[in-house]
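This report looks at a few residues, a pocket and the domains of one protein. Please keep the sequence and the structure in view while reading.

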Amino acid sequence: MKSIFNRLAASLVVSGAWLATAAHAVQDLPGGPGVNQLNLTTGVTKIAQEQSDLHWMVMIICAVIFVGVFGAMFYSILNHRKSKGAKSANFHESTVVEITWTVVPFLIVIAMAAPATKVIVAQKDTTNPDLTIKATGYQWKWGYDYLAGEGEGIGFVSTLDSAQRELSSAGTPKGDDYLLKVDNPLVVPVNKKVRMIITANDVIHSWFVPAFGVKQDAIPGFVRDTWFRAEKTGDFYGQCAELCGKEHAYMPIHVKVLSGEDYAKWVHGQQQKKSAQAGQSSQAVAQLAQ
Ligand SMILES: [Cu+2]
């Protein structure tokens, strides 16, 4: 018996030490998750800000109702109990009470639903984008194709950094961007409306970037769209948010928001790379034909 307790104590000490080192080793990732983060991520789009405001509004309304209802209940139980000689009041079939408890909750629901509907409608408004990018979910990576706007024709696949995949297999998490680092991040310009067309090639995935307030299921055979207008440059992270198989945890999303100028440079670089590759392959074809 004693040895079981000893072993238990030893394993607690070991796991405690592991937690302590893990907590020290990891820092907040700017644009990504923070250490011990409880609140929603700080958004960098108007929609994300509005979602956060809605969240707090509903949270506060719920808290006020909770305190009001439980306060009245406990007050009644304590101060109007039988042992204190309380006589029960009779308001059975009171029209005033019945109308009040129907109208008041109805008004509360309307007060929450009206602003929420406004945000949902704005979220779905993908008209007049500056840039259109298709994201395709694969087991287990994301494909990006720039369909319209500056950078049209660019396309690449974005996969988890293989070194991090190995760290995960070894059970040794490391780094602030652990399991969020990719080979080719999605690059977009700041303050431009980017329409994302989302689909999948095998099973259902979900394209989710909390800082943009965007989460859209990627469904094979269907096309869905969403949009964002990032108001800050920087790196923002997300993950596939629909359980899609054994490597579901290994298909992160990394979006690099660049200034208009830097974005133009990136587009130029990508196009040069593409034409160089096209040149190489046409040379190869010419050589084969000789
Ligand atoms: Cu997935």
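## Thr226 and its surroundings

Setting aside residues up to four places away in sequence, Thr226 touches Gln123, Thr126, Val194, Arg195, Met196, Ile198, Val214 and Gln216. The model in which these contacts are found is a predicted one. Thr226 itself is part of strand 8.

Is Thr226 buried or exposed? Its relative accessible area is 8%. Buried means under 20% relative accessible area, so Thr226 counts as buried.

## Asp217 in strand 7

Asp217 sits in strand 7. Its relative accessibility is 28%, so Asp217 is classed as partly exposed. That class lies between buried, which is under 20%, and exposed, which is over 50%.

Which residues does Asp217 contact, once neighbours within four places in sequence are left aside? They are Ile198, Ile204, His205, Ser206, Arg224 and Glu242. With one of these, Ser206, the side chain of Asp217 makes a polar contact of 3.2 Å. Ile198 appears among the contacts of Asp217 and also among those of Thr226.

Pro105 gives a point of reference elsewhere in the chain. Between Asp217 and Pro105 there is a separation of 112 residues in sequence, and their C-alpha atoms are 33 Å apart in space.

## The two domains

The domain assignment divides the protein into domain 1 (46–84 + 92–123) and domain 2 (131–279). Domain 1 is thus written as two segments of the sequence. The C-alpha centres of the two domains are 40 Å apart.

How many residues of each domain are in contact with the other domain? On the side of domain 1 there are six, and on the side of domain 2 there are seven.

## The second largest pocket

The second largest pocket has a volume of about 310 Å³. It is lined by 16 residues, and those closest to its centre are Gln51, Phe208, Gly213, Val214 and Lys215. Helix 2 (46–79), strand 7 (214–218) and strand 8 (224–228) each give two or more residues to this lining. Val214, one of the residues closest to the centre of the pocket, is also in contact with Thr226.

By type, the lining has five nonpolar, eight polar and three charged residues. Where does this pocket lie with respect to domain 1 and domain 2? Both domains give residues to its lining, so the second largest pocket lies between them.

Methods
Residues are numbered from 1 along each chain as its sequence is written. This is a predicted model: local features need pLDDT of at least 70, side-chain atom pairs count only at pLDDT 80 or more; totals for chains, interfaces and linings use all residues. Side-chain values use heavy atoms; hydrogens and water are left out. On a 1 Å grid over the protein atoms alone, a cavity is a set of points where a 1.4 Å probe fits but cannot get out, and a pocket is an open set with protein on both sides within 12 Å along at least five of seven lines; lining residues have an atom within 4 Å of a point. Grid points are joined across faces, edges and corners, and a volume is the space filled by probe spheres set on the points. Helices (H or I, at least four residues) and strands (E, at least two) are DSSP runs, numbered from the N terminus. Ala, Val, Leu, Ile, Met, Phe, Trp, Tyr, Cys and Pro count as nonpolar, Asp, Glu, Lys and Arg as charged, and the others, Gly among them, as polar. Domain bounds come from an automatic or database domain assignment. Buried means under 20% relative accessible area, exposed over 50%, partly exposed in between (1.4 Å probe, protein chains only). Contact means heavy atoms within 4.5 Å. A polar contact is a pair of N or O atoms within 3.5 Å; within protein, one must be able to donate a hydrogen and the other to accept it, and residues adjacent in sequence count only if both atoms are side-chain atoms.
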